[in-house]
Amino acid sequence: MKFRSVFDIIGPIMIGPSSSHTAGALRIGKVARNLFGRRPKWAHIHLYGSFAETYKGHGTDVAIVGGLLNFDTFDDSLIRSFEIAKEEGLDYAFFIEQGIPDHPNTAKIVVGDELGELEVVGISVGGGKIEIAEINGFKLKLTGENPAIVILNNDRFGCIANVANILAKHEINIGHMEVSRKEKGKLALMVLELDENINNEIMDEIHALPNILQVARIVE
């Protein structure tokens, strides 16, 4: 892993005790919340590996729920995540999994409400940093460190070019891009990390394109 500054090594400003098991876990929950686009009504949280073994002592459970509530790593409200979730009507359940993951600090979060649901698999790689490894079964690699948009689309000619043209028109630079599909001509996923956040107008413009089904964003 490459570090950009000494603060990447020390870790984030956070409510402890662990940068990987607390701050990283919170960020996985927060990315799931951002991708869902609203506060979910319920969440099923599956913990694997080291997360499953030490989640209570390291506050991983409290942190993930805090992330789903959109808290920051340094928010004092984090220690009251369970209580606040109850007050705000967020039902959650934890499932301790025995499977051996590719990375020891792995969580699968399934969130939903009456309008739909979303599945996110995230790993905490240390120092509060994370990677999102799957969204609704699509394999990808998303760090959550930069503004990003995630687009579900029909696998059709021109979809990628149409999205890129809109971003170019608004002078939004793409720093990194991944595309994935489960089967040719079926559903596909685009993940674009950007140099800056995009506003609702651009989001709506992308969503109005042919064969674009869903658009979600992660803000910096």
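Guide: In this predicted model, a residue is exposed when its relative accessible area is over 50%, buried when it is under 20%, and partly exposed in between.

Visitor: What makes Glu 171 exposed or buried?

Guide: The relative accessible area of Glu 171 is 69%. The cut-off for exposed is over 50%, so Glu 171 counts as exposed. This residue lies in the loop between helix H6 (159-169) and strand E8 (174-181). Its phi is near 60 degrees, a positive value in a residue other than glycine.

Visitor: Which other loop residue has a positive phi although it is not a glycine, and how is its accessibility classed?

Guide: Asn 211 has a phi of about 70 degrees. It sits in the loop between helix H7 (200-207) and strand E10 (212-218). Its relative accessible area is 30%, and the range between 20% and 50% is called partly exposed, so Asn 211 is partly exposed.

Visitor: How do you know whether Ile 130 is buried or exposed?

Guide: Ile 130 has a relative accessible area of 4%. Buried means under 20%, so Ile 130 is buried. It belongs to strand E5 (residues 129-135).

Visitor: What is Ile 130 in contact with, leaving aside its neighbours within four places in sequence?

Guide: Contact requires heavy atoms within 4.5 Å. By that criterion Ile 130 is in contact with Gly 24, Arg 27, Ile 28, Val 31, Ile 123, Ser 124, Val 125, Leu 142 and Thr 143. Glu 171 is 41 residues from Ile 130 in sequence, and the two C-alpha atoms are 28 Å apart in space.

Visitor: Why is Phe 138 classed as it is, buried or exposed?

Guide: Phe 138 is at 3% relative accessibility. The limit for buried is under 20%, so Phe 138 counts as buried. Phe 138 lies in strand E6 (residues 138-142). Not counting residues up to four places away in sequence, it touches Ala 133, Leu 152, Ser 180, Arg 181, Lys 182, Leu 187, Ala 188 and Leu 189. The C-alpha atoms of Phe 138 and Ser 180 are separated by 6.6 Å, with these positions 42 residues apart along the chain.

Visitor: What makes helix H4 mostly covered?

Guide: Of the 9 residues in H4 (residues 60-68), 8 are buried. They are Thr 60, Asp 61, Ala 63, Ile 64, Val 65, Gly 66, Gly 67 and Leu 68. Asn 70 follows H4 and has a positive phi, near 75 degrees.

Visitor: How many aromatic pairs does the structure hold, and why is the pair of Phe 82 and Tyr 92 given its name?

Guide: There are 3 aromatic pairs. The ring centres of Phe 82 and Tyr 92 are 5.1 Å apart and the planes are at 25 degrees. Rings pair if their centres lie within 6.5 Å, and planes under 30 degrees apart count as stacked, so this pair is stacked. The pair links distant parts of the chain: Phe 82 is in helix H5 (residues 81-88) and Tyr 92 is in strand E2 (residues 91-96), 10 residues apart.

Visitor: What is the pair of Tyr 92 and Phe 94 called, and why?

Guide: The centres of these two rings are 5.9 Å apart and their planes are at 75 degrees. An angle over 60 degrees counts as edge-to-face, so the pair of Tyr 92 and Phe 94 is edge-to-face. Ring pairs link Phe 82, Tyr 92 and Phe 94 into a cluster.

Visitor: How accessible are Phe 82, Tyr 92 and Phe 94?

Guide: Phe 82 is at 30%, Tyr 92 at 29% and Phe 94 at 23% relative accessibility. The range between 20% and 50% is partly exposed, so that class applies to Phe 82, to Tyr 92 and to Phe 94.

Visitor: How many helices and strands are in the chain, and how do you know how compact it is?

Guide: The chain has 7 helices and 10 strands. Its radius of gyration is 17 Å, close to the 17 Å that the globule rule gives for 220 residues, so the chain is as compact as a globular protein of that length. The C-alpha atoms fill a box of roughly 50 × 40 × 35 Å along the principal axes. Buried residues make up 46% of the 220 residues. Among contacts with a separation of 6 or more, 66% are between residues 24 or more positions apart.

Conventions
Residues numbered from 1 in each chain as written. Predicted model: local features only at pLDDT ≥ 70, side-chain atom pairs only at ≥ 80, totals over all residues. Heavy atoms only, no water. Helix = DSSP H or I, 4+ residues; strand = E, 2+ residues; numbered from the N terminus. Rg over C-alpha atoms; globule rule 2.2 N^0.38 Å. Buried < 20%, exposed > 50% of the residue type's maximum accessible area, 1.4 Å probe, protein only. Phe/Tyr/Trp six-rings, centres within 6.5 Å; stacked < 30°, edge-to-face > 60°.
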